[in-house]
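Please open the structure in your viewer and keep the selection panel at hand. Each stop on this tour suggests what to select next and then says what is there.

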Amino acid sequence: GVKTGAQRTTEKFARRQTRQVLEGVEPSIAPLNARESKLIDATRAIKQAVEREANRNQMFGMPSMIAGGAGGVEYARGGDPASAAALALAARAGMHPAVASRIAIIAYKLSREAGVAASTAARLAVFVGSEETKEEQ
């Protein structure tokens, strides 16, 4: 259910007290708690930024025009309206902030862990990201 301000304040106080007692007993966990706290803050900030961008990223705007342009180029090159439309839709979906941030994270991990070039990792990340999105649906 919905928590009141007093309930949230009490829970925060209890968590802080528990953390301090645990750090007093085992001081080596203090740096881990500090790092985790920073990661939690970063996660919240990234989530807010993505949601804020999603609110601004309306159906008609620059991303849609770019995606339409990509579809137009594909149609001019191949003459197939179905593949042009598919490319335009895929390009527009890839510009959604949630999708773009997921692709960027995957590309970064691929470039670091697999030792591939950043451009290659980005191309692979688009494929991996689209497969993950399909599995979530």
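Begin by selecting glutamate 23 and arginine 19 in this predicted model: both residues belong to helix α1, where they sit four residues apart, about one turn of the helix. With their side chains displayed, you will find that glutamate 23 and arginine 19 meet in a salt bridge, with 3.4 Å from N to O. Colour the pair by accessibility, and glutamate 23 counts as buried because its relative accessible area is 18%, which falls under the 20% limit. Arginine 19, by comparison, has a relative accessible area of 34% and is partly exposed.

Keep glutamate 23 selected and show its surroundings. Which residues does glutamate 23 touch, not counting residues up to four places away in sequence? They are Ile29, Ala30 and Asn33.

Next, move within helix α1 to glutamate 11 and arginine 15, which are four residues apart and therefore separated by about one helical turn. Their side chains also form a salt bridge, at 4.0 Å from N to O. Here glutamate 11 is partly exposed, with 31% relative accessibility, while arginine 15 is exposed, at 52%.

Now select aspartate 41 and arginine 44 in helix α2, where a spacing of three residues separates them by about one helical turn. The two side chains are joined by a salt bridge of 3.8 Å, again taken from N to O. Aspartate 41 is partly exposed, with a relative accessible area of 44%, whereas arginine 44 has 54% and is exposed. To see how salt bridges can share partners, add Lys3 to a selection of Glu11 and Arg15, since these residues are joined into one network in that way. Across the protein, the count of salt bridges comes to four.

The next stop is the largest pocket, whose volume is about 580 Å³. Its lining consists of 14 residues, and those closest to the centre are Arg15, Arg16, Arg19, Ser37 and Ile40, so two residues from the earlier stops, Arg15 and Arg19, come back into view here. Select α1 (5-25) and α2 (30-56) together, as each of these helices supplies at least two residues of the lining. Which helix gives the largest share of that lining? It is α2, with eight residues. If you colour the lining by class, you should find four nonpolar, two polar and eight charged residues.

From the pocket, go on to proline 81, which is placed in helix α4 (residues 81-94). Is proline 81 buried or exposed? Its relative accessible area is 52%, so it counts as exposed, the limit being over 50%. Select glycine 71 as well and draw a distance between the two C-alpha atoms: they are separated by 8.5 Å, and the two residues are 10 residues apart along the chain.

Finally, clear the selection and look at the whole protein, which has six helices and zero strands. Of its 137 residues, 12% are buried, and glutamate 23, from the start of the tour, counts as buried. If you display contacts with a separation of 6 or more, residues 24 or more positions apart account for 40% of them. With the surface switched on, the accessible area comes to about 10500 Å², and 62% of it belongs to carbon and sulfur atoms.

Note on methods
Residues numbered from 1 in each chain as written. Predicted model: local features only at pLDDT ≥ 70, side-chain atom pairs only at ≥ 80, totals over all residues. Heavy atoms only, no water. 1 Å grid on protein atoms, 1.4 Å probe; cavity = no way out; pocket = protein on both sides within 12 Å on 5 of 7 lines; lining within 4 Å. Points joined across faces, edges and corners; volume = space filled by probe spheres on them. Nonpolar A, V, L, I, M, F, W, Y, C, P; charged D, E, K, R; others polar. Buried < 20%, exposed > 50% of the residue type's maximum accessible area, 1.4 Å probe, protein only. Contact = heavy atoms within 4.5 Å. Areas by Shrake-Rupley, 256 points an atom, 1.4 Å probe, with all protein chains shown as cover.
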